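Dear colleague,

I am passing a structure on to you, and it is placed just below. After it I have set down what was found, one region at a time, so that you can follow along in the viewer.

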Amino acid sequence: DDQIERERASQHLAGGCCALAAIYLMGKFYVANAGDSRAIIIRNGEIIPMSREFTPETERQRLQFLALLKPELLGKEFTHLEFPRRIQPKELGKKMLYRDQNMNGWAYKKIEEDDLKFPLIFGEGKKARMMATIGVTRGLGDHDLKVFSSNIHIKPFLSCFPEVRVYDLTQYEHCPDDVLVLGTDGLWDVTNDKEVAGVVMEVLTSYEPNDPCRYTMVAQELVVRSRGVLKERGWRLANDKLGSGDDISVFVIPLGGPGNYM
């Protein structure tokens, strides 16, 4: 991340990206995630999460705590407190549910002038945004990203440090159908873990265990099903719901079996 910052002018590096890495070392898989990509292991039909997404919702308390410590980062435009909805001026003096950096649940507070500022974190689920700008809170780059029509930098709230999970391959006997799946949010936005596992098993069983292309075909099928089919109303899945409009990258890595021993 520091290198990107140093080279952003000379290399014309604008924007940023998430990072998801899997490293095999001495019998173990180390999966590091910074962003909203996801990794799962499918072993004998069982789903084992190997990462978690970092979004304004999942990192609410970290972001609020930083804003509390350094209120100058909010540019007098945002409040670090979270409310169920946007506060209106007519609600000054009334009580409203809120939560701060120390709270998991909600409590009531009397609305003050400072509470009329836009919340640091606003929205729910995939629509949650930090400073009404970005929906992911870890990754690389974005050193010049600012809140729209302002001089407020967002980078201080973004972390490049990943969460690392470890999987010991030596503790289990893995068959050719046991895999590690890495995917960007374009996959997981429309396809859950159970559906991914279903596609993995469906495709793998249609190929011989020693056919190396079977894993590539799983990845291809996951991309195709998550994108959907282009129709008059846009890209649609088999159930007619909207397909993923984001980029979709998928890797399927075998954990064992003929010709695939680590």
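In this predicted model, R60 belongs to helix α2, which covers residues 60-69. R60 counts as buried because its relative accessible area is 6%, which is under the 20% cut-off. A polar atom of the R60 side chain lies 2.6 Å from the backbone oxygen of M103, and M103 is also among the residues that R60 contacts once neighbours within four places in sequence are left aside. The others in that set are E82, R99, D100, N104 and I121.

Another residue to look at in the same session is H80, which sits in the loop between β6 (78-79) and β7 (95-98). Its relative accessibility is 17%, and H80 therefore counts as buried. The side chain of H80 makes a polar contact of 3.4 Å with the side chain of Q101, although H80 and Q101 are 21 residues apart in sequence; in space, their C-alpha atoms are 8.2 Å apart. When residues up to four places away in sequence are not counted, H80 touches Q64, A67, L68, L74, Q101 and L120.

R38 may be read alongside these two. R38 lies in strand β4, residues 38-43, and with a relative accessibility of 17% it counts as buried. The side chain of R38 makes a polar contact with the side chain of E53, at 2.6 Å. Beyond its neighbours within four places in sequence, R38 is in contact with L20, S51 and E53, and also with V181, L182, G183, W188 and D193.

Next comes a pair of helices. The axes of helix α4 (residues 193-204) and helix α5 (residues 213-227) come within 9 Å and cross at roughly 135 degrees, which means that α4 is oblique to α5. The crossing in which α4 passes α5 is right-handed. On the α4 side the contact is made by V196, V199, V200, E202, V203 and L204, and on the α5 side by R214, Y215, M217, V218, E221, L222 and R225.

Which residues does V199 contact, leaving aside its neighbours within four places in sequence? They are E221, L222 and R225, and each of these three is named among the α5 residues that make the contact between the helices. V199 itself is found in helix α4 and is buried, with a relative accessible area of 6%. V199 and L222 are separated by 23 residues in sequence, while their C-alpha atoms are 7.0 Å apart in space.

Two loop residues deserve a separate look for their backbone angles. M26, in the loop between β2 (19-25) and β3 (28-34), has a phi near 50 degrees, which is a positive value in a residue other than glycine. Is M26 buried or exposed? At 77% relative accessibility, M26 counts as exposed, the cut-off for that being over 50%. A132 likewise has a positive phi in a residue other than glycine, here near 55 degrees, and A132 is placed in the loop between β11 (129-130) and β12 (140-141).

Finally, here is the chain as a whole. The chain contains five helices and 17 strands, and the C-alpha trace spans about 70 × 45 × 40 Å along its principal axes. Of the 262 residues in the chain, 43% are buried. Among contacts with a separation of 6 or more, 59% are between residues 24 or more positions apart.

As for annotation, the UniProt record, an unreviewed entry, places the feature "domain: PPM-type phosphatase" at residues 1-255. Over those residues, 1-255, the chain is 18% helix and 26% strand, and the C-alpha atoms at the two ends are 31 Å apart.

With best regards

Conventions:
Residues numbered from 1 in each chain as written. Predicted model: local features only at pLDDT ≥ 70, side-chain atom pairs only at ≥ 80, totals over all residues. Heavy atoms only, no water. Helix = DSSP H or I, 4+ residues; strand = E, 2+ residues; numbered from the N terminus. Buried < 20%, exposed > 50% of the residue type's maximum accessible area, 1.4 Å probe, protein only. Polar contact = N/O pair within 3.5 Å; in protein donor to acceptor, adjacent residues only side chain to side chain. Contact = heavy atoms within 4.5 Å. UniProt positions renumbered as here; feature names shortened; annotations may be inferred. Axes fitted to C-alpha atoms, helices over the stretch in contact; angles between N-to-C directions. Parallel < 35°, antiparallel > 145°, perpendicular 65-115°, else oblique. Left-handed = near helix turned anticlockwise from the far one by under 90°.
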